[in-house]
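The exercises below ask the reader to work through salt bridges and a chain interface, one step at a time. Each task is followed by a worked solution.

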Amino acid sequence: MGESHAHAGVRGMRRGIADNKVFPVLLPASERLARRVADERRYGLPMLRLDGRGLLACIALFCLWAGVAEAQAQAAGLESVISIILKWMPLISRGFALNVAISFIAMGIGTLLGLFLGLAQISLLPPIRTGSWALTQFFRNAPWLVLLFYCIFVLPFRVSILGQTYDIPNWLRATVGLTLPVMANVSEIVRGAVQSIPRGQWEAAESLGYARGQTLREIILPQCLKRMLPPWMNLYAILIMSTPLASIVGVEEAMSFTRGALNAERRGDLLIPMYGALLLAFFIFCYPIAQATQTLERRYQVTT
Amino acid sequence: MTTPLIRIENLRKSFGANEVLKGVSLEVAKGEAICIIGPSGSGKSTILRCINALVPFDQGSIQVGDMDVGAAKLDKIALRRRVGMVFQQYNLFPHRTALQNVMMAPVQVLKQDKAEVEARARALMKKVRLEDKESAYPGELSGGQQQRVAIARSLCMQPDVMLFDEVTAALDPETVKEVLITIRELAEEGMTCLLVTHEMHFARDVADHIYFTDAGVIVEHSEPVEFFSAPKQERTRAFLERFL
């Protein structure tokens, strides 16, 4: 009350608004930062912050690189940089499709496993709780590249099912390697979201006769979805950006093809424009995800 | 006198080393409104939570109708169908509309017919004077409105007794009244009510019996007129002086 007396103008404005409505407000910067930090701590993930300026800067930088290389190439009477990039683009795009496929599969399976692992972390049975906690911590704190190498060399090259022998391609084993950290991170996202729901919700459900599993399904998890979506999308963006790691273990994705193209062309001035084009491709793919994540975060901050 | 709907005998409950209930006994007859008052931390809320089996108790016994709440094989769903509870913080489910909040448990827990439950829920929304807020989400309602939805939600389970745990403590003075009116109407219609409250005037007007608790024991138990005009215990007098 005393505060609103101090701001007579603000009070006048407030009076026009029904008390029971929640309106979106622009939070002061410090509060926004504090929330961001709290979110990151809760989800245990750094949150991506990209905006339109980043996109413009990236495109400008790429044009600059390509332009410089183009000018040098023309001066030396070599084939145009742009036409070389365009020539290799179909192959690199095919590689990029594999990056996307790997990320989708790893995200899908990782999310499914992570959901169970996260729920196991809040189990009432101590062995399940401790076991899932340990598993989560192990894979969450292992470098992704190490997990990738581990899976490439530990998983079998071929399996026999009912007398039929199937080869397991490199990319599939790499996908498994990326699924593990996704699983662990989703597990933490789920645990964090469930634990962020006030205790009163559990009590109210219990007093209405809901069993524990039913409470989770009908009351807790539906409320968690909103809270989990932004960090989950954030995790996906990190995952797609980590898929070029697979090139190190010999998976033929966008990064490998770009390197292959450079080797074939044997031209030093292509180095920066080609990798620049690859960077741009990733940026164009990830940027809308980061934007959507931010929009969702902002929306859910106001309504919950 | 008929057998009481709730009978608590020598109830004891500790949280760690802290014994919050040190042998509490009380009875609630059908159709009665009972108020439990007392200073904060005297174990009032814990009594309600024990009745509803939200927290287990250590010693003593609680009977609700013919059910033994302390029994190892307690049918909790049956108990909670009989005993409704309303909380200080309303605890509505924010992802569901007011009407859905009221309908959820009978449909999902008791597996009752949805159309029947809906008719009942609409009647209850009308009863708590919120028939125009059926499709509002809890976030769009005031505290008092949310609390009335919470009361309707509890009533929709068709309980034999309602427990109210300081239901007006989180409300602003204006909306306290609308919630108290709702509860008073319930009591007058013959719903058995057990209330933990700090609203002394309300307790005096509505209660059939008043229990005064302090430090985990029942210090005094009498009818409202006697309780407020001629308290027997020094501790009760000291408490009431601060309130009235």
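**Exercise 1.** Which residue forms a salt bridge with Asp66(B), and how many Å apart are the closest N and O atoms?

*Solution.* The coordinates come from a predicted model, and chain B averages a pLDDT of 91, with 99% of its residues scoring at least 70. The partner of Asp66(B) is Arg82(B), and the closest N and O atoms of the two are 3.2 Å apart, which satisfies the cut-off of 4 Å for a salt bridge. Asp66(B) lies in the loop between strand E4 (59–64) and strand E5 (67–68) of chain B, whereas Arg82(B) belongs to helix H2 (residues 76–82) of chain B, so the pair ties together parts that are 16 residues apart in sequence. Turning to accessibility, Asp66(B) counts as exposed at 63%, while Arg82(B), at 25%, counts as partly exposed.

**Exercise 2.** Describe the salt bridges of Arg158(A) and of Glu9(B), giving the accessibility of the residues involved.

*Solution.* In chain A, Arg158(A) is paired with Asp167(A), with the closest N and O atoms 3.0 Å apart. Arg158(A) is exposed, at 53% relative accessibility, and Asp167(A) is exposed as well, at 54%. In chain B, Glu9(B) forms a salt bridge with Arg7(B), where the closest N and O atoms are 3.7 Å apart. Glu9(B) is partly exposed, with a relative accessible area of 39%, and Arg7(B) is likewise partly exposed, at 29%. Over all chains, the count comes to 23 salt bridges.

**Exercise 3.** Characterise the interface of chain A and chain B, beginning with its extent and ending with its salt bridges.

*Solution.* The model as a whole scores ipTM 0.91 and pTM 0.78. The contact involves 17 residues from chain A and 28 residues from chain B, and the two chains bury about 1800 Å² between them, of which 53% is on carbon and sulfur atoms. Between the chains there are 8 residue pairs in polar contact. On the side of chain A that touches chain B, helix H9 (199–207) and helix H10 (212–242) of chain A each supply at least two residues, and H9(A) contributes the largest share, 7 residues. The residues of this side divide into 7 nonpolar, 7 polar and 3 charged.

Finally, the rule finds 2 salt bridges across the interface. Arg49(B) forms a salt bridge with Glu203(A), the closest N and O atoms being 2.4 Å apart. Through shared partners, salt bridges join Arg199(A), Glu203(A), Arg49(B) and Asp165(B) into one network.

Key:
Residues numbered from 1 in each chain as written. Chains lettered and ligands numbered in written order. Predicted model: local features only at pLDDT ≥ 70, side-chain atom pairs only at ≥ 80, totals over all residues. Heavy atoms only, no water. pLDDT = per-residue confidence, 0-100. Contact = heavy atoms within 4.5 Å. Buried area = accessible area lost by both parts, 1.4 Å probe. Salt bridge = Lys/Arg side-chain N within 4 Å of Asp/Glu carboxyl O. Polar contact = N/O pair within 3.5 Å; in protein donor to acceptor, adjacent residues only side chain to side chain. Helix = DSSP H or I, 4+ residues; strand = E, 2+ residues; numbered from the N terminus. Nonpolar A, V, L, I, M, F, W, Y, C, P; charged D, E, K, R; others polar. Buried < 20%, exposed > 50% of the residue type's maximum accessible area, 1.4 Å probe, protein only.
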